[in-house]
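Work through the following exercises with the structure open. Each task is followed by a solution in steps.

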Amino acid sequence: MDYFLTEEQQMIKELAARIADERIRPVAAELDEREEFPWELMKVLGESDLFAVWVPEEYGGLGGGVFEQALVVEELSRACSGVAVSYAASGLGSFPILLFGSEEQKARYMPDIASGKRLAAFALTEANAGSDVSSIATTAIEDGDEYVLNGTKQWITNGGEADIYTVIAVTDKSKGARGASAFIVEKGTPGLSFGKKEKKLGIRASSTREVIFEDCRIPKENLLGREGMGFIIAMKTFDKTRPGIGAQAVGIAQGALDEAVQYARQRVQFDQPISSFQGIQFMLADMATQVEAARALVYSVARLVDSGARDVSRAAAMAKLFASDVAMQVTVDAVQILGGYGYMREYPVEKMMRDAKITQIYEGTNQIQRSIIALDLIKEAARKGK
Amino acid sequence: MHIVVCVKQVPDPSQARIDRDTGLVIREGVDKITNPFDLYALEEAIRLKESFGGQVTAISMGPPAAKEVLKDAIAMGVDSGILLSDRQFAGADTLATSYTLAQAIRKLGDVALIICGKQAADGDTAQVGPGLAANLDFSHVTQVRKIRQLNSTETVVERLTDTGYEVLGLRLPAVITVVKEINEPRLPGLRGMMRAKKAEIPLWDSQVLDVDPKRVGLNGSPTQVWRTFEPARHQKGEMLVGSPSEQAALLLDRLRSL
Amino acid sequence: MDMRVRADDCTICGICVAECLFDAIKMGDEGPKFNESCTFCGACIEACPTGAIYQAEERGDAAEPAASTAPHDGKARHQGVWVFAEQHNGKLAGVVMELLGEGRRLADRLGQPLGCVLLGDGVEQLSHELMEYGADQVYLAMDPQLESYRDDLYAQVIEHIVSKYRPTIFLLGGTANGRSLAPRVATRLRTGLTADCTGFDLDEEGNLLQTRPAFGGNLMATIRCPNHRPQMATVRPKVFEAAARQPDRRGEEIVVDLPSLNPWVRIIEIVEESAIGPNLAEADIVVAGGRGLGSPDKLRLVEDLAKALGGAVGASRAVVDAGWIGYPHQVGQTGRTVAPKLYIACGISGAIQHLVGMQSADVIVAINKDPDAPIFSVATYCIIGEVEEVIPALIQEIKNRNRA
């Protein structure tokens, strides 16, 4: 389908596709097997200016937004979503700075993120604070010109690899969710360390680690926005990045669909290619329709977010929810079409199925997405009813 | 320092398919790309520029559509591209091609180093680089796998030989042809692609180049393709079946006659 | 005033025609002809590589050599089939004997002598060897500066010798050096050059028909160079049969005078790198491994089999790119072209770029678990099976038979 991309967007998509096909796909299985962080590929993405697409021109970027980033994430995910999420997580870590950072903070951190020289990460989740963001326990206590951070963040994408961490920590316990604040912490700060690398079902090329603060002192000017804005910063960041998770899901699903179509044309059983069987044809048709619907939704929402519209939470949640469910279903079906081969590691679809699962979980489980959508619906109806 | 890279547009070798019935190469629908060997030449020139400054110009000879490979070169990081294009240039063999390229280098005037890929993936002759040097009376060295040093009068290179390598000091101006071991070509960046999109590629024809019409294109080509034919078709191989040790025994029985 | 030509020296190369600013020269069968546009500027005299053009004060100048007025046929003045005798450290490259074998055949059909160009320092003994392999004449250029191959001086000396003695055919091995030297010389002589030939014939006019693979070996092209001499070609090693050595066969040794040499290369170091096992390009047996081996350690199996057979180790691009083995082992379009007597492809699917580099092997054995792998379409013997099972079985069987 034609999504009427601008010349520049078309260029971004083509370059990302080329990197996916030429550089990522040939090593995807190996990265998955060895659970190795793809630094070389991050370097390629940096040299190709792809980390610059969502960064404004005044901070060394190319002036695009969420939609441009989604185009890149989708293409990379066709080949390996472990690589794609390592790329996207730098966006997740950088949006708090872009949205709420001061001029000085943006000028200091964004150019290196835009060039890919430094990766960013977002540190919110804790062992007891997953979907329930208000129960985070990491604290940031003001002490003279500094904040002192203590606590442990869990399952942080790009943990240990990133240089720049945006961290949500509690500055005032008495205020609950309104007592959280956001900070920038640079790798190398004394008191900042990393836990072991997690062993995961999918996206195994990406790094997922604990980020540990032990009397970690940071200068006061590393506070993002004002004290107490932590929760709102996290939510506004997710509004920007949830379409990206949707794009990741669309990419995974497209990759699985491509493999399934190709396999169905080549695999001969009962003296004919299995693509001639209606059972297979109908599966492929449903898969393709779902993928296209997910893409259409993700693109529309990404453009909506970029338009500067207010109250995009519902739409962003829908994009993430729908696309990730599609990715799960389509990858399961792709494995089914490839049969025994699909189940084997020699073929790429079992990895895609493993990779797809996380898109239903992270940046808010799909249950949380449904809550967001439903609450927004009810709120809207209540407003109209007045 | 002014470095020139000679690039050629070729049919994508990775898309080469053979017609099962005729045994011939299918050429329809095959994308035209930059000769893969030339990417190493472009990368090396760009790296030299990044280390030592100067400018890099990419030159290609071909039909107007070959402009694309020069745009791709600009996207990678070369400063400018020039296309040598004229109907008179058509049908050139390596002698006529190297003469035409040499005329362009002469016109540029200040070129210190010319880098070419080891060979073109479609012709595989590896003759244009040395031929270009001979035309210009530049020094040349083929199959370079590393540039160790470069100054205004000399470059020190490692040349791959059939049995190892040589370290050679080469007087400038010079032509070097490079092998894939020399580097890993970069992909274009978005900024480069945007620059390339806007870039004007000057088209130099026989008038601009001031060539001798008898030395370009078909007229200037001493070699002529007399005929082409299909190579003898391979007979179907013999299938050796059985357990691995049976297969091994069958094979060695057959190889014994060698 | 008149422009004259020493017919014996003219190679009808056409350089004077091209250099003339006034379009005053037409190339005839017997050399350049000057028309009324000639301004006697002398540009052609400067340009002529053999010094064949000179200016005479008036017609019938007594100083003019008698020979130049004799009628002659331009092409006929190019006589002999020549071969470049590439040598390293006083040893002839293997391809030289193959060139002499094919050169002999062509020379006999033309009824002309077979010549050999030998450059080096203190390698006179090789000229006897060349004669025993069939050379009628050896043109010997000896100088300490010519000890090792170098593009600059070798090209200058050979250009000089070829211009002076005018062979009609000049063949060079398609080695790294041959493929660097030949285009330089051909361009200087402004003659045609065909790369990497695998077959030769002669047409009824005695023109050399030079056949080479095109489009990755899927098409053969026969090339002619009808109007320029010498007809030059590089020849793919391991394609032609080497000449048989005839002990005590003798020929004529011609020590050539050297032109003034203009060096532009400084040889700093020459390094022989020992790849694993014998030299890939020269080996009679090559055992090669590909991605289908599964993991780098399985390449050891390929090395073991190569060792058991006394062969060289080759590899597909995929495993070289993956870093399993060094680039010197890569076979294919971007690696080396090999044409051994036996090629065993282990776990190589057979991408067209790989096939180009090995399909002229005499016997090809393909071992692959995928029955649809393209490699089987060029294989003489096909073994469908797991490489890690078949190779140990082969090695065991070789050991058993050696013992027996």
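The exercises below concern a predicted model and go from its confidence to the build of its chains.

**Exercise 1. Confidence**

Task: State the overall scores of the model, then find where in chain C confidence is lowest and where it is highest.

Solution.
- Step 1. The model as a whole has an ipTM of 0.90 and a pTM of 0.80.
- Step 2. For chain C, the mean pLDDT is 87, with 92% of its residues at 70 or more.
- Step 3. Strand E4 (residues 53-56) of chain C has the lowest confidence, with a mean of 77, while strand E5 (residues 81-84) of chain C has the highest, at 98.
- Step 4. A separate stretch, residues 58-73 of chain C, has pLDDT below 50. In the model this stretch makes 22 contacts beyond near neighbours in sequence.

**Exercise 2. The dimensions of chain A**

Task: Compare the radius of gyration of chain A with that of a compact globule of 386 residues.

Solution.
- Step 1. The globule rule multiplies 2.2 Å by the number of residues to the power 0.38.
- Step 2. For 386 residues this puts a compact globule near 21 Å.
- Step 3. Chain A has a radius of gyration of 21 Å, so the value agrees with the rule.
- Step 4. Along the principal axes, the box filled by the C-alpha atoms of chain A is roughly 80 × 55 × 40 Å.

**Exercise 3. Inside and surface of chain A**

Task: Describe the secondary structure, burial, contacts and surface of chain A.

Solution.
- Step 1. Chain A contains 10 helices and 10 strands.
- Step 2. Buried residues make up 56% of its 386; the cut-off is under 20% relative accessible area.
- Step 3. Among contacts in chain A with a separation of 6 or more, 74% join residues 24 or more positions apart.
- Step 4. The accessible surface of chain A is about 16700 Å², and carbon and sulfur atoms supply 53% of that.
- Step 5. Chain A carries 44 positive and 54 negative charges, whose mean positions are 4 Å apart.

**Exercise 4. Chain B by the same steps**

Task: Give the corresponding description for chain B.

Solution.
- Step 1. Chain B contains seven helices and 15 strands, in a C-alpha box of roughly 65 × 40 × 40 Å along the principal axes.
- Step 2. Of its 258 residues, 57% are buried.
- Step 3. Residues 24 or more positions apart provide 70% of the chain B contacts with a separation of 6 or more.
- Step 4. Chain B has an accessible surface of about 11200 Å², 49% of it from carbon and sulfur atoms.
- Step 5. The centres of the 31 positive and 32 negative side chains of chain B lie 2 Å apart.

Technical notes. Residues are numbered from 1 along each chain as its sequence is written. Chains are lettered from A and ligands numbered from 1 in the order in which they are written. Side-chain values use heavy atoms; hydrogens and water are left out. pLDDT is the predictor's confidence in each residue, from 0 to 100. Helices (H or I, at least four residues) and strands (E, at least two) are DSSP runs, numbered from the N terminus. Contact means heavy atoms within 4.5 Å. Buried means under 20% relative accessible area, exposed over 50%, partly exposed in between (1.4 Å probe, protein chains only). Accessible areas come from the Shrake-Rupley method with a 1.4 Å probe; for residues, only the protein chains shown count as cover. Lys and Arg count as positive and Asp and Glu as negative; His and the chain ends are not counted. The place of a charge is taken as NZ of Lys, CZ of Arg, CG of Asp or CD of Glu.
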